[in-house]
Every structure is written in structure tokens, then in C-alpha cells.
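Here is a short tour for a newcomer. It starts with the overall build and ends with single residues.

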Amino acid sequence: MADPVLTVAELLRPAFAAVAGGECDPTVRPSDRADAQVNGSLALAKKMGKPPREVAEAVMAQANLSAVCSTTEIAGPGFVNLTFANEFLAGELRAAMADPRLGVRTQAAKRFVVDYSAPNVAKEMHVGHLRSTVIGDAIVRMLEFFGHHVVRENHVGDWGTPFGMLIEHLIDLGEAEASRELSVGDLDMFYKQARQKFDADDTFKERARKRVVALQGGDTETLRMWKLLVAESTRYFDRVYDLLGVLLRDSDIMGESAYNQLLPEVVERLSKANMLVTSDGAEVVFVDGFVNRDNEPLPLIIRKGDGGYNYATSDLATVIDRVERLKVDSMLYVVGAPQAQHLEMVAAVARKAGWLPDTVEFNHVVFGSVLGEDRKILKSRSGETVKLDALLAEAVERAEAAISEKNPELDVATRKAVARQVGIGAIKYADLSIDRVKDYIFDWERMLSFDGNTAPYLQYAHARICSIFRKSEHSRESVRGGTVDIDHAAERALVLRLLQFDTAVVDAVERHSPHRLCTYLYELAGEFSAFYEQCPVLRAPDDATRASRLMLCDSTARVMEQGLALLGIEAPEQM
RNA sequence: GCCUCCGUAGCUCAGUGGAUAGAGCAACGGUUUCCUAAACCGCAGGUCGUAGGUUCGAUUCCUACCGGGGGCGCCA
């Protein structure tokens with residue numbers, strides 16, 4: 001528990017309880033008038049029918065904050081302003097930095113499944129996959145940091161009617177040629193050609209239809225060709241994931257096809273539970289509270305009129321699998337907002353059918369769209385969807401151009417490596433730093449800027465610290481374990497901010513909101529900037545001050561590096 | 001029509017029921033023999049979409065309305 005706000009809240013809790021005659025939240029919050037402010041007296045005063053300042057006084061008389069606060073002051077209508085003692089802060093920082101977790105609390109380990117990314121086989125990954133992939137990845141990293149057991153599931157679209165036409169197109173092209181085309185990464189062309197034939201040619205359409213039946217019937221030769229398509233796509237996904245620097249690997253792929261065997265089970269269970277109804281030729285479940293356009297009950301379609309299953313069925317199957325086989329405590333679906341209602345219905349059916357106990361969380365981690373400058377879904381200039389690998393390549397290119405211009409001394413190899421870290425970091429951070437439920441406007445200039453809440457700004461703060469150490473006689477490690485003397489306001493502010501890493505990470509993971517960690521890191525970088533400006537490190541007035549400031553620098557770099565790592569962003573040592 | 005999300009400075013965005021709502025950009029005015037000027041300081045900019053309600057206290061919670069996005073039976 002590094003955050004001093006929590007420490008003081010715990011110290012105040014008994015005092016509040018004594019005055020209130022029972023459990024009572026002190027509600028301690030960071031304050032712009034002091035280090036922290038206690039708000040609990042006002043609510044308690046109302047309950048007790050006493051003047052708030054009187055209650056505050058009574059509480060403070062009961063509490064002993066002398067080890068933690070240098071001053072406490074009752075102010076305004078009944079707030080208590082707290083100023084932490086410098087020795088306390090220095091001690092807390094020392095303790096936090098002696099901890100490999102940098103002072104971040106631990107949590108009771110739980111089992112999670114995080115469902116994210118989900119591209120389609122034989123289709124290009126586009127900007128629409130960016131948010132799910134990047135946000136999901138950050139959430140996985142944060143959960144793992146807390147020691148949770150996390151199963152990553154990449155629910156790729158590898159099944160369904162389009163595969164009839166794709167396989168037939170593969171046959172037309174010849175496998176060698178198809179493989180060649182797919183391996184180049186030009187998946188869109190392949191898909192479009194198949195689509196075109198499907199739309200224009202009735203005999204092809206009929207072949208495709210028959211092929212789907214063969215595929216679902218488990219025909220060996222059809223399956224072999226299907227696997228070929230999947231394998232080529234997987235290789236392509238890996239390339240994108242590698243460039244993007246996310247954790248997803250082949251072994252994380254749990255495509256729709258992986259749930260095929262469970263689909264009849266879904267139907268059977270729903271049928272046994274008497275939830276299944278035949279409606280317009282399809283087998284459906286009507287879900288309480290959902291209505292259609294005409295105010296009629298809205299069904300979840302389990303089995304289509306033609307006997308085929310659809311995505312609702314396989315999504316229900318994922319719930320069974322994750323609860324019963326993986327035995328998870330929590331499922332996170334990092335899926336775009338348009339699927340909100342669908343997922344709500346899936347969860348409702350699973351709960352009602354008894355597959356999803358109340359003890360297991362089902363969370364839709366919604367996110368908004370990536371918009372262009374016209375505030376519409378981001379499209380390329382020609383009006384097509386923006387390919388993800390092209391987008392990433394452009395980011396690296398732009399970053400490299402900026403680095404060449406600003407820091408020409410870097411050798412080519414370093415420049416290339418840093419360009420990748422900065423360019424990819426910028427794209428990911430632009431995505432992560434905005435409240436995920438909102439849409440955001442994609443803007444190259446802003447995300448690659450060294451000013452404002454951007455990856456390059458944070459990375460630069462880190463690189464500056466590394467630069468200081470390169471010029472000093474000391475290694476980063478050698479200054480650890482030292483003591484910080486707080487005698488400058490900027491040092492004090494920096495220490496206080498470093499101790500809040502704890503709360504920032506907990507907050508971000510609990511709300512599944514990486515942007516809260518981003519905001520924290522931005523504030524940390526700002527605090528460091530002020531310190532850097534006002535407190536010379538290498539030219540400090542004396543050895544003790546220099547040692548103290550080097551320790552502060554190292555602490556900042558460690559928190560920045562760890563914080564960025566939790567977001568899936570690298571921190572170069574120079575840029 | 002119903003459901004749902006969003007609406008905060010000119011622009012892009014933070015904001016945990018608490019006191020005087022914050023950043024960055026842009027604009028305006030400054031700072032450099034100094035550990036990376038890829039920096040910093042100052043100034044200005046607001047009916048927190050509107051109107052009610054709950055509360056000692058509302059940008060924050062509730063209701064209605066306005067504006068925008070998304071969804072609403074056999075695609076996923």
C-alpha cells in the first residue's frame with residue numbers, strides 16, 4: 001500500500017468509527033489545497049445532526065496522524081486538509097522502490113479469460129481491429145501484473161458461410177497460387193475475388209453452397225483446404241501482432257470452429273431447460289426485457305431456419321467452455337460497442353440456463369470507434385478501410401523521419417529500433433489514453449507530438465533520465481536503496497506522484513480502463529519535467545543532494561518503464 | 001418508435017458526490033553561455049448540451065428533453 005492517501009484513510013477509519021459509533025468512510029481524497037483532504041466529516045455531521053467542523057474536530061482528536069502528517073487543518077465547512085510529513089514520504093518511497101512491484105498492492109489471484117482482437121480468416125486486419133487488440137492486450141498485461149491467471153482467447157472468425165466461396169476460389173486458383181497470394185498478405189484481394197464470383201456467377205454460388213455443407217459435414221478434403229486458408233491467415237496475423245508488439249500467439253487462437261462440437265450441446269441444454277422455441281422456422285430463445293422494432297419479444301437465434309448455427313450459439317458455447325472447462329472467475333469481452341445488446345442477451349440466456357453462476361463475472365469491455373478528421377469511421381482517402389499493417393508501417397516511418405530530423409547523431413540501427421518503439425507506442429498510446437467507451441479521432445500529428453498526453457512525451461521523459469545516468473558515474477542500479485531528501489517543492493511533488501502509481505494501476509485494472517494509467521503517467525512525466533527544470537541532478541550543490549536526486553530519477557524511470565510496459569509500450573533509452 | 005453510449009475552453013481530451021472544473025494544441029507575451037529547445041514560464045479562454053429533481057454539497061446520481069453515434073430476427 002504505497003499510496004499515502006490509503007494509509008491515512010486506514011489511520012482515520014477507527015477515529016471515524018469511534019465518533020460515528022459504527023463503520024464510517026473517512027473519504028480521503030487527493031486535494032489541490034493540500035496533499036489530501038478528508039471529506040467524511042460532512043456526511044457524518046449530517047447523520048449526527050451536528051456542525052461539521054465540530055465533528056471534524058472530534059475525529060481529529062481521536063486520530064493520531066503524527067507519524068504521517070506534518071500538519072492537519074480543519075478548513076471551510078468541515079474539510080480536513082492534510083499535509084504529509086516529508087520523512088514519511090521519503091520512507092514510503094524507499095519502501096516502494098525496494099519492492100519489485102514498485103509499491104503496487106497485490107490482489108487475490110483469480111482466473112480470467114480475456115477475449116480480444118478477433119480478426120477474420122482470409123480477411124485483412126484493419127483499423128477496426130486496433131482497439132480490441134491494443135486495449136485487450138493492456139488489460140491482459142495489467143491482470144498478469146497482479147498475478148491473476150489469464151487465458152487469452154483470440155476468437156478469430158474461421159467458420160461460417162463465407163468459407164464455401166473461399167474454398168471454391170482456392171480450388172479455382174490452384175493451391176500453390178492461392179498460397180502465394182495469401183502469403184503476400186493480400187488477403188483482401190483474395191476475399192474480394194471470391195465475393196465477386198459469388199455475386200456474379202450462379203454456378204459458383206451453388207458450388208460454394210455445397211462446399212459449406214461439406215465443410216460442416218466434416219469432409220476430409222474440404223477440411224484440408226480450409227486448414228490451408230486458416231494457416232496462411234494465422235501466419236499473417238502473427239506478423240501484424242509481432243509488429244504491434246502484443247502478447248497474442250498461435251496458441252491463443254480459439255476460433256469459432258473450436259466451439260463446433262459444443263454447439264449441439266448448447267441446443268440440447270436449452271431444449272432441456274424448456275427455453276427453446278420454434279419461431280419462423282428457426283429455433284430461438286426469447287429473452288426477457290428485449291424487444292424488437294415493433295415492440296415484440298426479441299429472440300436470440302440459436303439455430304437458423306436452414307438448420308445452421310450462428311454466432312449467438314457459438315458465443316453461448318464459449319460461456320460453457322470458459323466456466324466449466326477453464327473454470328474462470330471472470331470473462332472479459334473486449335468487443336466493440338455495436339455488439340452490446342447481443343452480448344447482453346448472451347449473458348442473460350447463459351444466466352437463465354444456469355451455465356453462468358452469479359459468482360462468475362461476464363464483462364463487456366466496450367470501446368468506441370476510431371474516427372477520421374471528418375468524425376466518421378476512419379477510412380483511407382479512396383474510401384476503403386484502413387489496413388492495419390499499412391497503418392503501423394506509416395507510424396514507424398513517421399517516427400523515423402522525426403527522429404532523423406531531431407537527433408541525427410543516432411546510428412541507423414538504433415534509429416530504426418527507436419522508430420519502431422516510438423511509432424508503435426504512439427499509435428497504441430493514442431488508443432489507450434482516451435476513455436475507451438468514447439470514439440476518438442485519429443490524428444498523426446497529435447499522437448506523434450512530444451507535447452501533451454502522448455507516448456513520445458512519456459518515452460522522452462524516460463530517455464532523458466537514461467541520458468542523465470549515461471553522463472554520470474553511476475549506474476541505475478547503484479543508486480537504488482538510497483534515501484531521498486525532500487527539500488525542494490518539485491522533489492516533493494515528484495515523490496508524492498511516484499507513490500500514487502499504486503492507485504493508478506489498481507484503478508486502471510479494476511475499471512478495465514488503461515487510460516487511467518495513461519493519465520497518471522502523463523502527470524508523472526509532467527512532475528518530472530518540473531523537477532528536471534528546477535533541480536539540477538549532475539550539477540547538484542553537494543554529493544548527498546546528487547545521490548538523492550539520482551535516486552529520484554531512477555525511481556521515476558522505473559515507474560515510467562513499468563507503467564508503459566503494462567500498456568504494452570516500450571521505453572527506449574535514447575531517442 | 002424502443003434500447004444504448006456520448007455531449008466539459010476555438011480544437012483534442014482529463015476530471016474519485018466535495019471548496020475556486022484541469023491539461024495539451026492553437027492564440028497572445030516571454031525565457032536559452034544550463035544534465036537532449038524533442039524544453040520551460042506567463043496570459044487568456046467555461047451557462048460542464050437544456051430544464052427539473054435527490055443531496056449539507058451535483059460536471060459526477062435520477063427523470064425529461066435537445067443534439068450526435070450505435071443497435072433493434074435468421075451476417076459475425
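Helices and strands here are DSSP runs, with at least four residues for a helix and at least two for a strand, numbered from the N terminus. By that rule, chain A has 21 helices and 13 strands. The model is predicted.

**The chain as a whole**

Chain A holds 575 residues, and 52% of them count as buried. Its C-alpha trace spans about 85 × 65 × 40 Å along the principal axes. Contacts reach far along the sequence. Among contacts in chain A with a separation of 6 or more, 72% join residues 24 or more positions apart.

Two pairs give a sense of distance. Ala-231 and Met-551 are 320 residues apart along the chain, and their C-alpha atoms are separated by 50 Å. Asn-363 and Glu-177 are 186 residues apart, with 43 Å between their C-alpha atoms.

**Around the RNA**

Which residues come nearest to RNA strand B? There are 64 residues around the strand, and Arg-33, Lys-46, Glu-256, Tyr-460 and Tyr-532 come nearest. Of the RNA atoms that come within 4 Å of the protein, sugar and phosphate account for 54%.

The surface near RNA strand B draws on many elements. Those that each supply at least two residues include the strands β1, β4 (79-84), β8 (282-291), β9 (297-303) and β13 (440-441). The helices α2 (40-48), α17 (455-471) and α20 do so as well. By residue type, this surface divides into 29 nonpolar, 15 polar and 20 charged.

Three polar contacts show different parts of the RNA meeting the protein. They are set out below.

| Protein side | RNA strand B side | Distance |
|---|---|---|
| Glu-256, side-chain N or O atom | sugar or linking oxygen | 2.3 Å |
| Arg-375, side-chain N or O atom | phosphate oxygen | 2.7 Å |
| Met-575, backbone N or O atom | base nitrogen | 2.9 Å |

Glu-256 thus appears twice: it is one of the residues that come nearest to the strand, and its side chain takes part in a contact at 2.3 Å.

**The second largest pocket**

Rolling a probe the size of a water molecule over the atoms shows where empty space is left. The second largest pocket has a volume of about 860 Å³. Its lining counts 31 residues, and Asp-3, Val-5, Pro-30, Gln-500 and Thr-503 lie nearest its centre. Five elements give two or more residues to this lining: α1 (4-20), β1 (28-30), α18 (489-499), α19 (501-510) and α20 (514-534). What kinds of residue make up the lining of the second largest pocket? They divide into 12 nonpolar, 5 polar and 14 charged.

Two elements link this pocket to the RNA. Both β1 and α20 line the pocket, and both also supply residues of the surface near RNA strand B.

**Residues with a positive phi**

Two residues other than glycine have a positive phi. Asn-274 has a phi of about 60°. For His-512, phi is near 55°. Each sits in a loop. Asn-274 is between α11 and β7 (277-279), while His-512 is between α19 and α20.

Are they buried or exposed? Asn-274 has a relative accessible area of 70%, over the 50% cut-off, so Asn-274 is exposed. His-512 has 12%, under the 20% cut-off, so His-512 is buried.

**Four more residues**

Asn-363 lies in strand β11 (residues 361-364). Because its relative accessibility is 22%, Asn-363 counts as partly exposed. Leaving aside residues up to four places away in sequence, Asn-363 touches Ser-330, Met-331, Leu-332, Tyr-333 and His-512.

Asp-431 is found in helix α15 (residues 412-432). With a relative accessible area of 1%, Asp-431 is buried. Beyond residues up to four places away in sequence, Asp-431 touches Leu-130, Arg-131, Val-134, Ile-135 and Tyr-440.

Ser-257 lies in the loop between α10 (220-244) and α11 (263-272). Its relative accessible area is 16%, so Ser-257 is buried. Again setting aside residues up to four places away, Ser-257 touches Asp-158, Trp-159 and Trp-226.

Ala-231 lies in helix α10. At 39% relative accessibility, Ala-231 counts as partly exposed.

Terms used. Residues numbered from 1 in each chain as written. Chains lettered and ligands numbered in written order. Predicted model: local features only at pLDDT ≥ 70, side-chain atom pairs only at ≥ 80, totals over all residues. Heavy atoms only, no water. 1 Å grid on protein atoms, 1.4 Å probe; cavity = no way out; pocket = protein on both sides within 12 Å on 5 of 7 lines; lining within 4 Å. Points joined across faces, edges and corners; volume = space filled by probe spheres on them. Nonpolar A, V, L, I, M, F, W, Y, C, P; charged D, E, K, R; others polar. Near = heavy atom within 4 Å. Polar contact = N/O pair within 3.5 Å; in protein donor to acceptor, adjacent residues only side chain to side chain. Buried < 20%, exposed > 50% of the residue type's maximum accessible area, 1.4 Å probe, protein only. Contact = heavy atoms within 4.5 Å.
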